[in-house]
Amino acid sequence: MWQKVYTWLDERLGLGDMYTALLDRPEPRGNWWNTLGSASLFLFLLQTATGIFLTVYYTPSPDHAYDSIQYIMTGVAFGWLIRGIHHWGASLMIIVVFIHMLRVFFTASYKYPRELTWLVGIGLLLMTIGMGFTGYLLPWHQMAFWATTVGTQIAGSVPFIGDFILKALRGGPDLSALTLQRFFAAHIWMLPAVLLALIGAHLYLIIKHGESHFPGKDD
Amino acid sequence: MNEDTKKQINAKYERSLQHGERFWPDSIYKDLVVSLGIFVLLLILATFVGVDNVPKADPSDTSYIPRPEWYFLFLFKFLALYGQIPLLGKVEWIATALIPGIALGILTLVPFIDKSPGRYYAKRALPIGIMSIMVLGMVLLTLLSDVPTVSADGSRLLGTFQAIAGIIIPVLAYSAFTFFSYKAKENAVRYIVQTGVVAGLLMIGFTVATLAMHTPVQAETVEIPTTLEERIVAGQDLYSVNCVECHGEDGSVAVIEGVKGLEGKEISPINGKDVLYTLNDATISEVIAYGRPNAGMNPFGKSYNPEGLTKSEIDYIVTFMRYIWDDRFEKPQIKPLFPVLVAGEVPSYDVHIAPIVKRYCISCHRPGKDSRGYFMDTYDNILHSGDNAANNVIAGDTNGYLLQVIQNHAINAPASGGDEIGVMPPKKALKADVIDVFVRWVMAGMPQSAVDAAALSTTPTPAP
C-alpha cells in the first residue's frame, strides 16, 4: 500500500531524484564546526516561527507596542516562552552566524570555487545584524528607544549622505511612530525577504560545490 | 589562478570525498544534534533567565544613558576610545563610517584579496593572525564596555589602558604581521605566531588590569509592575503621592482646599463619567504629563521637571483611575494594603506602616512640602524629624502627636509653638483598622523589620 503511494508520488514529484540530489551526496569527512551553517538555518526558521506568533498580538505603535508585549508576557498562554525564545534566539543567531563566518575564514573555505558562497554569506551576516538592529526597537522600552537613537545617530554621521540615511531610517529628524513602523516593516517583511533569497542562493551554492574539506598539510 | 591549479584543487576535493561520509545520514545527524542542543538551550534561557523588564520608552527622559545591543558594544567602546585621540578624535566619521567600512569591505572582498590557492593554516599566517587579534579585540572591547574612559577622580589612566588594549596593541600587531609576512621569508610564520601570542596576552593583561581598577557601579534595580494588579497598585501609590493633595483620595474633590497657590480653585472631579467617559487613556496621560494651565492642573511629566513622572508611571496612574473608578472596567482582585493583624500581633514598619504612610501621608509629609518639617518618607524620619520631633512619636505613649491627630484630636498648643496641629489626614479620617495598626505599632515600640515585630508579638506571627 505505502509502496503504491510512494510510487505514485515519485512519478509525479521525482522524490527519488530529489533524494540523490539533496541527501545522498558524498561529503568530506565532517567536523562539528561544519554544523554551524545548518544551526544558523535552524535558528532562522525558529525565529521565523516565533516571530510569526508574536505578530498576532504585537502592535507597532508607540502607544501600544510596550503594552502589547506586556500582554504577550503575562496574558497570552505560553507568550512568555515564545517571546523568550525569540529574544534569546536573536542573540544566539548573531553569535552562531559570526562563528560560522570565522570557521569559513580560518579554514579558507572561501577560496576557489566558493568565492560567491562567501559573498552571499557576508550578505547573510549583514542581514542578520540588520534583523537584530530593527528587532531591538520593537519592544519600545527605554533601552530599545535610546539604543536606536544612538544607533541611527551613528549611521547618520557618514559624510555627505549621513543626513539622508538618518532621515530614511527614522522617517524624520527624531525617533517617532514612523520609525517604529519602518523598523517593523523592515523586520518582518523587507529583511526576511532578502534573507530568504540569500539563504536560497547560499544553499544552492553549497549543494553545487559540496562542503569544503578541512585543509590538510598539502592544501 | 590558472587551469592547472583549479584542476589540482578539484582533484584534491574528489580525493577527500572518496574517504568521506554521506550527507544523509552522517552529516545530518550532527546537524540535528547541534540544532536540538540550541533549541534546548533556548528553552532553558527563556524559562529560567527570561527577558529583562525595562520601563516603557520615554523620549522626554534625556537623563537615560543609552547603550546599544550587546553585539554593538565593541563598536560603541571603540568610538569612545577613538574620541580620546587628540585632534583626529574630533573627526567622528572616521571612526563611525570609514574604519568599519574599510574593515567590512576587506572582509567582503577576502576571496579576491587573498588569491593564493593555499588553504593550510601555516600558509595563511597573515590573515589568520589579523583576524584572531581583531576578534580578540572585539571580545575585550565588549568586556570593557561598562568601564568609563575617565574615572570618578578625573584620572585618565583607565582610558589610556583601554586604548592600549583595544587599539594600540592591535594596530602594532597588524603592522608587525604584515612586515614579517613580506620581509621575514621562511621565519615569517614563527614570528607571526610569536608576536600574535605576545600581543594577545598583553591585550588580555591590560583588559584585566582595567577591569580590576574599576569598581562596577551597582545598577539600581527597579521593580517593574507587569501584571494588571501590580500596575494598578503602582498607580495607586503614585496617585497617593502626587495627586491626593488636590484631587483627594477618591478623586472626588471639586474645590481644592488647603493647597498653597490653588486654594479655592474649582476643578472637575476626576472619578466621574465626565472625565472618564470623555477622555481616553492617551488624553489623560497627556493631561497628567503636560498639565492644564487654565484649569489649575500642573504638569507632572519629565519634560517640565527632571524629577517628574516617567511615561510608564503616568500610564500606571491612568490604569489605576480606569480600573478603580470607571464603571465600565471590571475591578480585579487586589491585595490589601497590609496584611490583616491578628490579636496580639505587632505590626512592623517594613510590612505595615511603610505602605500605609506611602498611601495616606507622604503626599504632604515629604521634603519640599510645608509640613512643619515632619517627613514620613523613611523610618528614621518618621521617628525623628520635624519641629516636634520629640513629641511626634513616643514609644508606648498614646499622647504622642501622631496617634492623637489620626484619632481626631487636634493638638491645640504644640510644643514647638505656632498654630494648632489639625487632625490628620486633614480631609478624610483613616479607617479604624489603619488607626489600630499605628496604635499597636507605637505601643509596642515602633519595630522596623518584620523579625523585630514578631519578637514583640504575644502570638506567633506568620512569616512575612
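Here is a short walk through a predicted model, with something to select at each stop.

**Stop 1: chain A as a whole**

Start by showing chain A on its own. You should be able to pick out nine helices and one strand. Follow the chain along its sequence and the order reads α-α-β-α-α-α-α-α-α-α. For a sense of scale, the C-alpha atoms of chain A fill a box of roughly 55 × 50 × 30 Å along the principal axes.

**Stop 2: a nonpolar patch on the surface**

Now switch on the surface and select A:Met1, A:Trp2, A:Val5, A:Trp8, A:Leu9, A:Leu13, A:Met18, A:Leu22 and A:Ile207. Together they make a nonpolar patch with about 970 Å² of accessible area. Which elements give two or more residues to the patch? Colour helix 1 (2–13) and helix 2 (15–23) of chain A, and you have them. Helix 1 of chain A is the top contributor, giving five residues. If you click on A:Met18, you land in helix 2 of chain A.

**Stop 3: backbone oddities in chain A**

Go to the loop between helix 5 (79–106) and helix 6 of chain A and find A:Pro113. The peptide bond joining A:Tyr112 to A:Pro113 is cis, with omega at about 5 degrees. Next, hop to the loop between helix 6 and helix 7 (142–155) of chain A, where A:Trp140 sits. What is worth checking at A:Trp140 is phi: it is near 55 degrees, a positive value in a residue that isn't glycine.

**Stop 4: where chain A meets chain B**

Bring chain B back and select helix 6 (residues 115–137) of chain A along with helix 4 (residues 92–108) of chain B. Their axes are 9 Å apart, and the helices pack at an angle of about 140 degrees. To see the contact itself, show side chains for A:Trp118, A:Leu119, A:Ile122 and A:Leu126 on the helix 6 side, then B:Leu104, B:Leu107 and B:Thr108 on the helix 4 side. By class, this contact has six nonpolar residues, one polar and no charged.

**Stop 5: a cis bond in chain B**

Stay with chain B and zoom to B:Pro25, which lies in helix 2 (residues 23–49) of chain B. The bond from B:Trp24 to B:Pro25 is cis, with omega near 5 degrees.

**Stop 6: two crossing helices in chain B**

Last, select helix 9 (residues 228–242) and helix 13 (residues 311–325) of chain B. How do their axes cross? They come within 7 Å and cross at roughly 105 degrees, which means helix 9 of chain B is roughly perpendicular to helix 13 of chain B. For the contact, show residues of helix 9 including B:Leu228, B:Arg231, B:Ile232 and B:Tyr239. From helix 13, add partners including B:Glu313, B:Tyr316, B:Phe320 and B:Trp325. The full contact between helix 9 and helix 13 of chain B counts eleven nonpolar, three polar and two charged residues.

Notes:
Residues are numbered from 1 along each chain as its sequence is written. Chains are lettered from A and ligands numbered from 1 in the order in which they are written. This is a predicted model: local features need pLDDT of at least 70, side-chain atom pairs count only at pLDDT 80 or more; totals for chains, interfaces and linings use all residues. Side-chain values use heavy atoms; hydrogens and water are left out. Axes are lines fitted to C-alpha atoms, for helices over the stretch in contact, and angles run from 0 to 180 degrees between N-to-C directions. Helices (H or I, at least four residues) and strands (E, at least two) are DSSP runs, numbered from the N terminus. Angles under 35 degrees count as roughly parallel, over 145 as roughly antiparallel, 65 to 115 as roughly perpendicular and the rest as oblique. Contact means heavy atoms within 4.5 Å. Ala, Val, Leu, Ile, Met, Phe, Trp, Tyr, Cys and Pro count as nonpolar, Asp, Glu, Lys and Arg as charged, and the others, Gly among them, as polar. Patches are made of residues with over 30% relative accessible area and no salt bridge: like charges are joined within 9 Å, nonpolar side chains (Val, Leu, Ile, Met, Phe, Trp, Tyr) within 5 Å. Accessible areas come from the Shrake-Rupley method with a 1.4 Å probe; for residues, only the protein chains shown count as cover. A salt bridge is a side-chain nitrogen of Lys or Arg within 4 Å of a carboxyl oxygen of Asp or Glu.
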